Amino acid sequence: MSVKSFLADTFGITELRESHEALGTGKFWILMGATLAYVVIGVALMVSAVWPGSCDHEGRRLAGMIKKYGCSPDLLSGGAVEIGLFVWLWSMPTIVIVAVAWSWIHHFRRKRARTTQWSK
């Protein structure tokens, strides 16, 4: 294995190339731009929001995110930036739950359609 292919595998460049080929140039760059915008908006809101209350929301990685989610209801008593941060924080878990539910619903609908098709 060459250093170039090792680095490509380590940093996910191979997967990005595969995604680019599967989606096409337009869709790929729209998704990359949307992802970057989502992260930039989140960072801007985290930096500029004032966390009300005495809740300790500091921390790194997973522990810090869990603390932030625990303290997030306090954000609803703040201004527009704090409410925006609350919406941003809870948007990803909501999107994941909706995507999983949608996938399950469509999986069982397709499975039922195949079952009824075979029973005829």
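What follows is a friendly exchange about how some descriptions of this predicted model are reached.

Me: Before the details, what makes up the fold of the protein chain?

Reply: The protein chain has five helices and zero strands. Read from the N terminus, its elements run α-α-α-α-α.

Me: How do you know where confidence is lowest and where it is highest in this chain?

Reply: The model is predicted, and each residue carries a pLDDT, a confidence on a scale from 0 to 100. Helix α1 (residues 3–10) has the lowest confidence, with a mean of 65, while helix α3 (residues 25–48) has the highest, at 92. Over the protein chain the average is 84, and 85% of the residues score at least 70.

Me: Why is Trp88 called buried?

Reply: The word buried is kept for residues under 20% relative accessible area. Trp88 has 17%, so it counts as buried. This residue sits in helix α5. Leaving out neighbours within four places in sequence, Trp88 is in contact with Tyr38, Ile41, Gly42, Leu45 and Met46. There is also a C-alpha distance to quote: Trp88 and Val39 are 49 residues apart along the chain, and their C-alpha atoms are separated by 9.7 Å.

Me: Lys68 is a lysine, so what makes it buried or exposed here?

Reply: The same rule applies, with buried meaning under 20%. Lys68 has 12% relative accessibility, and therefore it is classed as buried. Lys68 belongs to helix α4. From Lys68 to Phe86 the C-alpha distance is 9.5 Å, with their positions 18 residues apart in sequence.

Me: How do you know that the buried residues of α4 line one face of the helix?

Reply: The buried residues in α4 are Gly64, Lys68 and Cys71. Looking down the helix axis, these buried residues fall within an arc of 70°, so they line one face. On the other side of α4, the exposed residues are Leu62, Ile66 and Gly70.

Me: And Leu76, why is it called partly exposed?

Reply: Partly exposed covers what lies between buried, under 20%, and exposed, over 50%. With 46%, Leu76 falls in that range, so it is partly exposed. You will find Leu76 in the loop between α4 (61–71) and α5. Not counting residues up to four places away in sequence, Leu76 touches Ile83 and Phe86. Leu76 and Pro52 are 24 residues apart in sequence, and 9.1 Å separates them in space, C-alpha to C-alpha.

Me: What makes Met92 partly exposed?

Reply: Met92 lies in helix α5 (residues 80–119). Its relative accessibility is 38%, and therefore Met92 counts as partly exposed, given that the class runs between the 20% and 50% cut-offs.

Me: How can Met92 be part of a surface patch, and which residues make that patch?

Reply: A patch takes residues with over 30% relative accessible area and no salt bridge. At 38%, Met92 passes the accessibility cut-off, so that step is satisfied. Met92 makes a nonpolar surface patch of about 590 Å² together with Ile95, Val96, Val100, Trp104 and Phe108.

Me: How many of the residues in the protein chain are buried, and how much area is exposed?

Reply: Of the 120 residues in the protein chain, 15% are buried. The chain exposes about 9,400 Å², with carbon and sulfur atoms supplying 70% of it.

Me: One last thing: what share of the contacts joins residues 24 or more positions apart?

Reply: Among contacts with a separation of 6 or more, residues 24 or more positions apart account for 38%.

How values were computed
Residues numbered from 1 in each chain as written. Predicted model: local features only at pLDDT ≥ 70, side-chain atom pairs only at ≥ 80, totals over all residues. Heavy atoms only, no water. Patch = residues over 30% accessible without salt bridge, like charges linked within 9 Å, V, L, I, M, F, W, Y side chains within 5 Å. Areas by Shrake-Rupley, 256 points an atom, 1.4 Å probe, with all protein chains shown as cover. Salt bridge = Lys/Arg side-chain N within 4 Å of Asp/Glu carboxyl O. Helix = DSSP H or I, 4+ residues; strand = E, 2+ residues; numbered from the N terminus. Buried < 20%, exposed > 50% of the residue type's maximum accessible area, 1.4 Å probe, protein only. Contact = heavy atoms within 4.5 Å. Arc of directions from axis to C-beta. pLDDT = per-residue confidence, 0-100.
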